[in-house]
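Here is a short briefing for a first look at this structure. Keep the model open as you read.

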Amino acid sequence: MDQQSIIELEARYTSGVYPKRPLAIVRGQGARVWDADGNEYIDCVGGQGAANLGHAHPAIVSAVAEQAARLISCPEIFYNDRRAQLLAALAGVAPAGLTRIFLCNSGTEAVEAALKLARASTGRSGIVAAMRGFHGRTMGALSATWNREYRQPFEPLVPGFAHVPFNDLAALERALSDNTAAVLLEAVQGEGGVHLGEPAFLRGAQELCRERGALLIIDEVQTGYGRTGCFFASQHYGIEPDLMAVAKSMAGGLPMGACLIGPRVAPPPAHSHGSTFGGNPLACAAALATLQVMAGEDLPGRAARLGARLLERLQALRSPLIREVRGLGLLVGIELKTKVTPILQGLQSRGVLALPAGATVLRLLPPLVIEEEDLERVVGAIAQTLEVRRVA
Ligand SMILES: *Cc1c(COP(=O)(O)O)cnc(C)c1O
């Protein structure tokens with residue numbers, strides 16, 4: 001199918017909730033993707049964070065093909081070899097104490113599980129989240145999400161949620177009560193504009209939770225799997241969440257999520273939660289292969305190295321359109337003094353696909369396997385698009 005016919009066919013039947021770009025992506029390899037007309041792009045959308053391993057990684061391709069031919073469906077009423085191996089391997093890379101794991105199929109489900117477990121464990125109902133936070137689109141996770149555009153059409157949402165300014169420890173302390181089940185935070189806010197958590201805030205949040213009998217939930221759906229230069233962003237901060245939500249890149253691009261559970265969380269009553277597809281052997285095989293690639297290729301280390309270089313190169317750009325450049329590892333945001341949409345279009349015409357994070361922040365989520373020369377080309381395309389006067 002050519003590009004125009006794909007777009008026309010899909011546009012006729014799609015739900016309408018996604019503002020789509022007029023581009024049909026049909027193939028990928030590493031950090032490159034191709035549209036149906038054969039045009040090549042450097043992919044800094046990275047599956048919105050699901051493609052940390054890049055596209056068509058041979059380890060994922062063969063793990064998925066082998067497992068598909070052996071067993072795809074196996075609900076968690078049975079045990080399974082791939083699932084057992086995955087759980088052990090994931091517990092092995094998680095922050096200390098997170099040794100029990102609930103498997104699901106997406107980020108929002110991972111957050112949903114964390115919220116439910118926190119309420120069941122504490123017998124309390126309150127959840128405190130952060131302004132500008134993003135946690136997903138199902139009713140519970142949406143209730144913790146800040147953006148009004150996402151929330152407003154679906155009100156009333158779940159009761160018991162409050163929001164405090166990110167990095168404001170005093171406000172967090174005031175928001176905690178005897179009925180607070182959990183504090184839910186991203187270590188680095190991704191969707192909300194690439195805002196880094198301050199170490200004192202995140203450590204203080206952990207301390208407050210411990211003092212007040214609340215649980216600390218860290219949403220690592222976007223920051224996990226090497227993105228920020230550690231396996232999990234929590235490890236930069238030395239925090240040990242009671243519950244951690246992961247998803248996006250955990251199965252090499254296949255849909256999968258997980259809620260990691262620490263020792264302060266009471267075991268949930270039997271039958272109290274579940275998922276038909278959760279822990280299916282196909283996703284588990286892909287997730288196990290993902291962990292092997294992450295370690296074998298030291299992708300967190302690569303993200304730290306390339307991310308530091310990228311940040312330095314971008315911070316050296318002198319453009320009247322740039323307000324601030326910030327990031328951690330290969331999670332990078334450029335806050336603009338102008339709307340981001342035309343900038344994204346300009347980059348696309350120069351062969352670079354990137355993301356927004358709000359109306360004025362340009363977000364880069366390249367696969368962690370991206371080649372250094374490709375990152376240089378991204379910097380060049382950004383410089384051209386932002387009319388950089390002088391590159392230091
Ligand atoms: C993407 C994201 C989610 C939601 O994940 P889905 O798989 O789209 O449900 C939740 N939290 C954070 C921090 C995210 O970036």
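Start with helix H9, residues 199–212. At 1.5 Å a residue, its 14 residues should span 20 Å, and the end C-alpha atoms are 20 Å apart, so the two values agree. Bear in mind that this is a predicted model. The points below cover H9, a four-stranded sheet, the cavities and one pocket.

**Helix H9**

- Several residues of H9 are buried: Phe-201, Leu-202, Gly-204, Ala-205, Gln-206, Leu-208 and Cys-209.
- What covers these buried residues of H9? The cover includes two helices, H8 (169–175) and H10 (234–237), and two strands, E7 (180–185) and E10 (215–219).
- Gly-213 follows H9, and the phi of Gly-213 is positive, near 75°.

**The open sheet**

- Strands of a sheet pair through backbone hydrogen bonds, in a parallel or an antiparallel sense.
- Here, 4 strands make an open sheet with mixed pairing, and their order is E1-E2-E3-E16.
- Strand E1 (25–29) and strand E16 (352–353) are the edge strands, and each pairs on one side only.
- E1 pairs with strand E2 (residues 32–35) in the antiparallel sense, over 4 bridges.
- Gly-28 has Val-33, in E2, as its bridge partner.
- Helix H14 (residues 372–385) packs on the sheet. H14 touches E2, strand E3 (40–43) and E16. The direction of H14 makes about 95° with that of E3.

**Cavities**

- How many cavities of 30 Å³ or more does the structure hold? There are 2.
- The largest cavity has a volume of about 50 Å³.
- Its lining is made up of Leu-306, Arg-309, Leu-310, Arg-313, Glu-372, Leu-375, Glu-376 and Val-379.
- Helix H12 (299–315) and H14 each supply at least two residues of that lining. H14 is also the helix that packs on the sheet.

**The second largest pocket**

- The second largest pocket holds about 570 Å³ of space.
- Its lining has 21 residues, and those closest to its centre are Glu-76, Ile-101, Phe-102, His-273 and Gly-274.
- Which elements give two or more residues to the lining of this pocket? They are strand E4 (100–104) and helix H5 (107–122).
- E4 gives the most to the lining, with 4 residues.

Conventions. Residues are numbered from 1 along each chain as its sequence is written. This is a predicted model: local features need pLDDT of at least 70, side-chain atom pairs count only at pLDDT 80 or more; totals for chains, interfaces and linings use all residues. Side-chain values use heavy atoms; hydrogens and water are left out. The expected span of a helix is 1.5 Å times one less than its number of residues. Buried means under 20% relative accessible area, exposed over 50%, partly exposed in between (1.4 Å probe, protein chains only). Contact means heavy atoms within 4.5 Å. Two strands pair if DSSP finds at least two bridges between them. Axes are lines fitted to C-alpha atoms, for helices over the stretch in contact, and angles run from 0 to 180 degrees between N-to-C directions. On a 1 Å grid over the protein atoms alone, a cavity is a set of points where a 1.4 Å probe fits but cannot get out, and a pocket is an open set with protein on both sides within 12 Å along at least five of seven lines; lining residues have an atom within 4 Å of a point. Grid points are joined across faces, edges and corners, and a volume is the space filled by probe spheres set on the points.
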